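Grab a viewer and work through these exercises on helix packing and backbone oddities. Try each task before reading its solution.

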Amino acid sequence: MNTFKTEDFYLTAFLSAAGFPIIHFYRNTALTTFAFEENDKLLQLVREYYADNATVSPVRYGNSLKNLKCLIHSNHNGKSNTHNTNAV
């Protein structure tokens, strides 16, 4: 399985709100890296996101942001974590 990794918090929230579950995350000092299962649909959404041509429900996006903040702040020890459920 190929994984797509990103440190972009807002992209992660967007992908999560679009229905892609975070399969793994880990903290390295101040940054958190999130991993998703890579597929063509995910890569297309990433391209649309960076082209400012992507859409997602504002409520789902807001909830995803809140859930991601809880997820990162609950990881106080800095060790790797696996997160197999959608962050929304």
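Here come four exercises, each with a worked solution.

A word on ground rules: this is a predicted model, where local features need pLDDT of at least 70, side-chain atom pairs count only at pLDDT 80 or more, and totals for chains, interfaces and linings use all residues. Residues are numbered from 1 along each chain as its sequence is written, and side-chain values use heavy atoms, with hydrogens and water left out.

**Exercise 1. Sketch the overall layout of the protein chain.**

Step 1: list the elements. Helices (H or I, at least four residues) and strands (E, at least two) are DSSP runs, numbered from the N terminus. The protein chain has three helices and three strands, running β-α-β-β-α-α from the N terminus on.

Step 2: check burial, where buried means under 20% relative accessible area, exposed over 50%, and partly exposed in between (1.4 Å probe, protein chains only). Of the 88 residues, 34% count as buried.

Step 3: look at contacts, meaning heavy atoms within 4.5 Å. Among contacts with a separation of 6 or more, 73% come from residues 24 or more positions apart.

**Exercise 2. Work out how helix 1 sits in the structure.**

Step 1: start at its ends. A side-chain oxygen of Asp 8 lies 3.0 Å from the backbone nitrogen of Tyr 10, capping the N-terminal end of helix 1. Just after helix 1, Gly 19 takes a positive phi of about 105 degrees.

Step 2: count the buried residues. Eight of the nine residues of helix 1 are buried, so it is largely enclosed by the rest of the structure. The buried ones, Phe 9 and Phe 14 among them, pack against strand 1 (3–6), strand 2 (22–28), strand 3 (31–37), helix 2 and helix 3 (58–73).

**Exercise 3. Describe the packing of helix 1 on helix 2 and on helix 3.**

Step 1: get the geometry. Axes are lines fitted to C-alpha atoms, for helices over the stretch in contact, and angles run from 0 to 180 degrees between N-to-C directions. Helix 1 (residues 9–17) and helix 2 (residues 40–50) pack at about 130 degrees, with their axes 11 Å apart. For helix 1 and helix 3, the axes come within 8 Å and cross at roughly 120 degrees.

Step 2: classify the angles. Under 35 degrees is roughly parallel, over 145 roughly antiparallel, 65 to 115 roughly perpendicular, and the rest oblique. Helix 1 and helix 2 are therefore oblique to each other, and helix 1 and helix 3 are therefore oblique too.

Step 3: pick out the residues. Helix 1 contributes Tyr 10, Leu 11, Phe 14 and Leu 15 to its meeting with helix 2, whose side includes Leu 42 and Tyr 49. On the other contact, Phe 9 and Ala 13 are among the helix 1 residues that meet helix 3, where the partners include Arg 60 and Ile 72.

**Exercise 4. Place Ile 72, then find the unusual phi values in the loops.**

Step 1: Ile 72 is in helix 3 and counts as buried, because its relative accessibility is 13%. Leaving aside neighbours within four places in sequence, Ile 72 is in contact with Phe 9, Arg 27, Thr 32 and Phe 34.

Step 2: recall that most residues other than glycine have a negative phi. Thr 29, in the loop between strand 2 and strand 3, has a positive phi near 55 degrees. Asp 52, in the loop between helix 2 and helix 3, has a positive phi of about 60 degrees.

Technical notes
A polar contact is a pair of N or O atoms within 3.5 Å; within protein, one must be able to donate a hydrogen and the other to accept it, and residues adjacent in sequence count only if both atoms are side-chain atoms.
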